Amino acid sequence: MLERAKSLDAADPLAKFRERFDVPGGVIYLDGNSLGCLPRATPARLEQVVREEWGRDLIRSWNSADWINLPQRVGAKIAPLIGAQPHEVIACDSVSVNLYKLISAALRMRPGRKVVLSEAGNFPTDVYMIEGLEQQGLAERRLSDRGDLLEALDEDVALLLLTHAHYKTGEVFDMEAITRAAHDKGALVLWDLSHSGGALPVDLNARNADFAVGCGYKYFNGGPGAPAYAFVAERHHSDAQQPLSGWMGHATPFAFSDDYTPAPGVDRLLCGTPGILGLAAMEVGVDLIAEIGIEPLHSKSQKLSEFFRQCLLESGLDLELVSPIDPAQRGSQLSFRHEDAYAICQALIARGVIGDFRDPDILRFGFAPAYLRFEDMAEAARHLAEVLETEEWQRKEFRERAAVT
Ligand SMILES: *Cc1c(COP(=O)(O)O)cnc(C)c1O
């Protein structure tokens with residue numbers, strides 16, 4: 001398979017982008033869906049922001065380096081990658097905080113309805129943020145299994161909150177059909193794009209989405225804890241009011257008024273002073289993904305994951321796949337169920353193959369197409385087969401759990 005992998009790499013139109021990332025030697029990185037790799041341009045850009053814009057120009061940089069518009073600028077660059085208009089997206093805060101703002105905004109837009117419906121087993125922060133609003137008496141949380149969501153959608157539902165590509169299985173929702181079903185019941189829809197933005201085609205406006213949030217440090221390679229992004233469809237710009245009424249979301253923050261007037265459009269999603277270092281790093285990652293293009297990335301991601309599956313099959317491994325077998329139905333990942341998934345994952349990491357484990361029994365491999373090679377697929381599959389055949393994972397050191405798994 002290694003020979004085939006090498007010829008696939010030789011014919012890969014995206015192969016040249018690997019050197020734009022600092023992929024460490026001796027590592028096969030299958031965790032770009034948790035923390036994307038460092039773009040080579042990021043350290044120099046940060047050095048410039050720190051030494052020149054901050055160190056030398058100090059407060060003047062809010063104007064001279066246009067720091068003040070950085071959340072909008074990065075948002076506008078993400079917009080075409082998720083099917084939005086530039087003025088519908090802003091980069092700020094974390095996914096969790098943006099969920100809070102947009103769930104609250106949706107509840108205010110549907111007076112008389114309190115139910116926020118989501119999928120049982122959705123990413124924890126999504127369901128916890130609903131729970132927090134429930135504890136304040138502002139929402140009623142309803143969780144439903146994936147297959148029963150449409151039945152759970154009734155006239156009490158103010159908002160349907162779903163993750164487009166599931167973080168564990170990679171299963172992708174039909175955004176258009178689900179959004180339409182929710183609208184038919186008078187509900188709004190908020191899509192979490194954390195596992196799709198930057199890797200899969202997302203067409204928010206063509207699917208008539210109301211709101212979306214997404215992650216900066218996964219496929220956008222913005223760095224650990226990078227700012228997230230949030231989308232509000234233009235038709236909701238005057239009605240959507242978020243509760244974190246900080247001064248940066250004010251229509252005229254530097255008028256220093258005693259009264260809050262929300263800024264027009266998505267600018268009102270801002271709360272406090274934006275983190276410029278984080279946004280500057282994020283911009284480099286977004287620029288690079290935009291340069292490569294979502295369609296080529298998606299096409300390569302499907303080929304990588306299919307090749308990885310073939311390599312596993314050829315080595316005779318019969319692992320239980322929990323991701324959809326059809327690449328069109330899944331995100332840029334493959335997940336397998338094994339009762340010793342944690343120890344297997346640790347044994348692989350010791351060999352330099354970094355995937356991740358998701359409680360209780362999921363072994364997850366992310367295929368960030370911007371910097372992975374087919375060769376990496378063949379090698380990772382070989383290591384996985386060896387770890388399983390030799391039962392290397394049984395070693396005691398692979399069974400001790402660290403704080404972050
Ligand atoms: C990674 C991820 C998040 C991250 O939320 P933060 O607030 O940025 O930590 C949220 N939702 C989903 C679905 C994710 O995969």
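In this predicted model, an oxygen atom of the ligand sits 2.5 Å from an N or O atom in the side chain of Ser 96. Two further side chains make polar contacts with the ligand. His 195 places a polar side-chain atom 3.0 Å from an oxygen atom of the ligand, while the side chain of Asp 126 has an N or O atom 3.2 Å from a ligand nitrogen atom. On its own the ligand has 390 Å² of accessible area, and the protein covers 88% of this.

Ser 96, Asp 126 and His 195 belong to a longer list of residues around the ligand. Ser 94 and Val 95 are also on that list, as are Phe 123 and Thr 125. The remaining residues around the ligand are Thr 163, Asp 192, Ser 194, Tyr 217 and Lys 218.

The next feature is a pair of packed helices. Helix α2, residues 42-56, packs with helix α9, residues 276-292, at an angle of about 145 degrees, and their axes are 9 Å apart. The crossing of α2 and α9 is right-handed. From α2, the contact is made by Thr 42, Arg 45, Leu 46, Val 49 and Val 50; from α9, Ile 276, Leu 277, Ala 280, Ala 281 and Val 284 take part. Sorted by class, this contact has eight nonpolar residues, one polar residue and one charged residue.

Two loops hold the backbone features that remain. Most residues other than glycine have a negative phi, and most peptide bonds are trans. Asn 221, in the loop between β7 (211-214) and β8 (228-232), has a positive phi, near 55 degrees. Pro 360 lies in the loop between β12 (356-358) and β13 (362-366). The peptide bond joining Asp 359 and Pro 360 is cis, with omega about 0 degrees.

Note on methods
Residues are numbered from 1 along each chain as its sequence is written. This is a predicted model: local features need pLDDT of at least 70, side-chain atom pairs count only at pLDDT 80 or more; totals for chains, interfaces and linings use all residues. Side-chain values use heavy atoms; hydrogens and water are left out. Axes are lines fitted to C-alpha atoms, for helices over the stretch in contact, and angles run from 0 to 180 degrees between N-to-C directions. Helices (H or I, at least four residues) and strands (E, at least two) are DSSP runs, numbered from the N terminus. A crossing is left-handed if the near helix is turned anticlockwise from the far one by less than a right angle, and right-handed if clockwise. Contact means heavy atoms within 4.5 Å. Ala, Val, Leu, Ile, Met, Phe, Trp, Tyr, Cys and Pro count as nonpolar, Asp, Glu, Lys and Arg as charged, and the others, Gly among them, as polar. A residue is near a molecule or strand if one of its heavy atoms lies within 4 Å of it. A polar contact is a pair of N or O atoms within 3.5 Å; within protein, one must be able to donate a hydrogen and the other to accept it, and residues adjacent in sequence count only if both atoms are side-chain atoms. Accessible areas come from the Shrake-Rupley method with a 1.4 Å probe; for residues, only the protein chains shown count as cover.
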